[in-house]
Amino acid sequence: MPRRKRKPPAPLPLSIGPLPAKLSEQFAGQRLVFSDASQLQHGGLAAVLFEHSEAASHIATRSVPAGPSNELELRAAVFALRTAAQIFAGAPFALFADNSDAIERLQQAQCHGSEQDGELQAMFPHDDLNALLAPASLHWIKGHGRCRGNALADEQARLAARQTS
């Protein structure tokens, strides 16, 4: 007797706001920034910003040359920091990324100064990373989960990766 094919599990519904309910309370009233990267024909970077959890999103994307996944995710996080510096003008915000390596590296730079990481400085020679990191609290968030902000950043990064650089 042939085996019956299993239906794929139904996708989890996305959160109503930018963050899942269990995190919404913790970050209530804060500015929220989500970053993500994708690699298709090119690399794609995305930053999705919310003035607060009920606000409409501001979306910024950029196509870049393809590269290693962790490097693209780090570039996306710094792109989001730059965008937040322009949109929020030095006000504090929470940055969320689904790449733990990028978050940990930026947390190290934030804690010990970016000049301690020569490779990071070389990747972003025109940025004052210490100034970009100063107003940010950095957080890892599970990718491909229920987080609407992360899903939007993922979608925008994929669209940017299809563009010409």
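**View 1. The open sheet and the order of its strands.** In this predicted model, 5 strands (DSSP runs of E with at least two residues, numbered from the N terminus) form an open sheet in the order 3-2-1-4-5, with mixed pairing, where two strands pair if DSSP finds at least two bridges between them. Strand 3 (57–64) and strand 5 (136–140) stand at the edges and have a single partner strand each, so one side of each lacks a neighbour in the sheet. From one strand to the next, the twist averages 20 degrees, taken between N-to-C directions of lines fitted to C-alpha atoms, on a scale from 0 to 180 degrees.

**View 2. Strand 4 beside strand 5.** Strand 4 (residues 93–97) and strand 5 run parallel and are joined by 5 bridges, and A94 has S137 in strand 5 as its bridge partner.

**View 3. Helix 2 against helix 3.** Helix 2 (residues 69–88) packs with helix 3 (residues 100–112) at an angle of about 55 degrees, their axes lying 8 Å apart; helices here are DSSP runs of H or I with at least four residues. That angle makes helix 2 oblique to helix 3, since angles under 35 degrees count as roughly parallel, over 145 as roughly antiparallel, 65 to 115 as roughly perpendicular and the rest as oblique. Among the residues that make the contact (heavy atoms within 4.5 Å) are L74 and L81 of helix 2 and A102 and L106 of helix 3.

**Notes.** Residues are numbered from 1 along each chain as its sequence is written. Local features need pLDDT of at least 70 and side-chain atom pairs count only at pLDDT 80 or more, while totals for chains, interfaces and linings use all residues, and side-chain values use heavy atoms, leaving out hydrogens and water.
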